[in-house]
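Visitor: I am new to this structure and would like a close look at a single part of it, taken slowly. Could you walk me through one sheet and then show me how its surroundings are arranged?

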Amino acid sequence: GTIYIPTDVTKIGGEVFEDANELTGIIIQNSVTEIGDHAFQALAALTTVHIADTVKSIGISAFNGCTKLRSINIPSGITELKTTVFVDCEALESLIMPIGLSKIGDYAIGGCRKLTGITVPNTVTTIGEAAFNGCIQAEITLPESITEIKTAAFGNHDDNYCKKVKVKNDAVKK
């Protein structure tokens, strides 16, 4: 079933939904400002999540291993996709990154095998290690604002490289 986070909740802690294996949907309402580390990790049945725009922080591995999650919205106040936040969300088809995002962390979206088109907003400066490793169908468009791309950001061997990585105006700083 679907759970609506009550309006008196401002922070969702880490691992509070551990073993909630029947949970298919989560609606996070306007009172919530923070989602903790590992909050929804490995929820096997989770397919949909709606996050209110009031959320300013999504923790490390918050949705790690939610293998049936198909789509998720990232609120406009999020400035960093933290380490392993969406890693191995194998069914994820859509991920829209907000303007204002500045960093995509290590392994943040790695293993999201069904993601297709990804446009990295022009506020992002850093792409972490293996950030998109294993996003084998992804065509990623990078902005000129990138100043750092870490090791294996787009894959590290033939069966896990991104499909295509393109740069707007063919210019990225060294």
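Guide: What follows begins with one small sheet and then moves outward to other parts of the chain. Please keep in mind that this is a predicted model.

The part to start with is an open sheet of three strands, which stand in the order E2-E4-E6 and pair in the parallel sense. Its edge strands are E2, covering residues 11-12, and E6, covering residues 57-58, and each of these pairs on one side only. Strand E4, made of residues 34-35, is joined to E6 by two bridges, with the two strands running parallel. If you look along that pairing, you will find Glu-34 with Ser-57 of E6 as its bridge partner.

Ser-57 deserves a longer look. This residue sits in strand E6, and its relative accessibility is 19%, which makes it count as buried because the cut-off for that word is under 20%. Setting aside residues up to four places away in sequence, Ser-57 touches Thr-33, Glu-34, Ile-35, Ile-78 and Lys-82. With one of these, Lys-82, there is also a polar contact from side chain to side chain, at 3.3 Å.

From Ser-57 we can return to its bridge partner, Glu-34. The side chain of Glu-34 meets that of Lys-11 in a salt bridge, with 3.7 Å from N to O. Glu-34 belongs to strand E4 and Lys-11 to strand E2, so the pair ties together parts that lie 23 residues apart in sequence. Side chains of opposite charge can pair when their charged atoms come close. Both residues are partly exposed, Glu-34 with a relative accessible area of 30% and Lys-11 with one of 48%.

The structure holds two salt bridges, and the other partners to look for are Lys-163 and Glu-139, whose side chains meet at 4.0 Å, N to O. Lys-163 lies in the loop between strand E14 (148-149) and strand E15 (164-167), while Glu-139 lies in strand E13, so this pair ties together parts that are 24 residues apart in sequence. In this pair Lys-163 counts as exposed, at 59% relative accessibility, whereas Glu-139 is partly exposed, with a relative accessible area of 25%.

Let us now turn to another sheet. Five strands form an open sheet in the order E1-E3-E5-E7-E9, and the pairing here is parallel. At its edges stand E1 and strand E9 (94-96), each with a single partner strand, so one side of each is left without a neighbour in the sheet. From one strand to the next, the twist averages 10°. E1 and E3 run parallel and are joined by three bridges, and within that pairing Thr-2 has Gly-25 of E3 as its bridge partner.

Between E1, which covers residues 2-4, and E2 there is a loop, and Pro-6 is placed in it. Pro-6 counts as partly exposed, at 44% relative accessibility, and, apart from its neighbours within four places in sequence, it is in contact with Gln-29 and Ser-31. For a sense of distance, the C-alpha atoms of Pro-6 and Gly-128 are separated by 34 Å, with their positions 122 residues apart along the chain.

Another loop, between E4 and E5, contains His-38. This residue has a positive phi of about 60° although it is not a glycine, and it is partly exposed, with a relative accessible area of 29%. A further residue to look for is Tyr-107, in the loop between strand E10 (103-104) and strand E11 (117-119). Tyr-107, also not a glycine, has a positive phi of about 55°, and its relative accessible area of 35% makes it partly exposed.

The last stop is the interior. The largest nonpolar core has 50 residues, of which Phe-63, Leu-81, Ile-104, Ile-109 and Phe-132 touch the most other members. Strand E3 (25-28), strand E5 (48-51) and strand E13 (139-142) each supply at least two residues of this core. Take Phe-132 as an example: leaving aside its neighbours within four places in sequence, its contacts include Met-97, Ile-104, Ile-109, Val-120, Ile-140, Phe-154 and Cys-162.

Technical notes:
Residues numbered from 1 in each chain as written. Predicted model: local features only at pLDDT ≥ 70, side-chain atom pairs only at ≥ 80, totals over all residues. Heavy atoms only, no water. Pairing = 2+ DSSP bridges. Helix = DSSP H or I, 4+ residues; strand = E, 2+ residues; numbered from the N terminus. Buried < 20%, exposed > 50% of the residue type's maximum accessible area, 1.4 Å probe, protein only. Polar contact = N/O pair within 3.5 Å; in protein donor to acceptor, adjacent residues only side chain to side chain. Contact = heavy atoms within 4.5 Å. Core = buried A, V, L, I, M, F, W, Y, C linked by side-chain atoms within 4.5 Å. Axes fitted to C-alpha atoms, helices over the stretch in contact; angles between N-to-C directions.
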